[in-house]
Amino acid sequence: LYSLPNWGTILFARLYLDKNFINPASTLTISTISVCKKNETICGDLWETKPYDKKVRMMMIDGLGHGFAANTAAREGLDAFLTSTRDSPVEQLRELHDKLKKTRGGVAMVAYIDEVNNQLRYCGVGNITMKLVSSIRSHGCLSYNGIVGHIMPASLNDHLLQIDKKTDILVLHSDGLSARWDILKYPGIFQNQGIVVCAALYKDFDRNNDDSTIAVAKFVK
């Protein structure tokens, strides 16, 4: 439960159908909200994770526009991400670029979260917003101009950030949400699960004119 005076209340509940459910070994949880543009029945934003050992690969892709054609482009990118044998965000984005040439293209962010070395390695093309935030800092993550599948910069580089697992959360979202949010305006929200952060940002910053997807990666004790 998260509530602020004159703002509203978010209530999150979860039912466990398996009484023998055991939390996974990883301490990283990823929560998402994904909503189609009004009057659409299929979303042009997609996301996926690919865990291995104590590392998680994560991608968010926004097919250009909305509706079926946008979803087709995003689906091609998602399939390429899941089947890729490449070992860096840049290499995966270049592979996505080749796969999306037959589609209308899209924008994408690929992030590798390393729980062992407390590192975030990432590369993005287009307007997928990603920020590493805590109660004391907000670090915006660079994304190159371009359209995956059509206009890819000649020079792309992976970028590396250190993560404080005790305080940091990672927020990604498509341009269906305004990027002008400040997590510090939500006192106490870091104590909640990631889905509550998603809901708060969606409530206040959804543009209501496009597909909207937001994901929060958060370490739990």
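I took buried to mean under 20% relative accessible area, with exposed over 50% and partly exposed in between (1.4 Å probe, protein chains only). The model is predicted, so I kept to local features with pLDDT of at least 70 and to side-chain atom pairs at pLDDT 80 or more, while totals for chains, interfaces and linings use all residues. Residues are numbered from 1 along each chain as its sequence is written, and side-chain values use heavy atoms, with hydrogens and water left out.

Helix H2. I looked up helix H2, residues 89-99 (helices are DSSP runs of H or I with at least four residues, strands runs of E with at least two, numbered from the N terminus), and found Pro89, Val90, Gln92, Leu93, Leu96 and His97 buried. They lie on the same side of H2, because they cover an arc of only 160° around the axis, taken from the directions from the helix axis to the C-beta atoms. Among what covers these buried residues I noted strand E5 (55-63) and helix H1 (68-83).

Strand E12. I then turned to strand E12, residues 212-219, where eight of eight residues are buried. Ser212, Ile214, Val216 and Lys218 point one way, and Thr213, Ala215, Ala217 and Phe219 the other. E3 runs antiparallel to E12 and is joined to E12 by eight bridges (strands pair if DSSP finds at least two bridges between them), with Leu28 opposite Phe219. Strand E11 (169-173) is also antiparallel to E12, through five bridges, and Ile169 has Lys218 as its bridge partner.

Positive phi. Finally, I noted that Asn39, in the loop between E3 and E4, has a phi near 75° and is exposed at 73% relative accessible area.

Key. Contact means heavy atoms within 4.5 Å.
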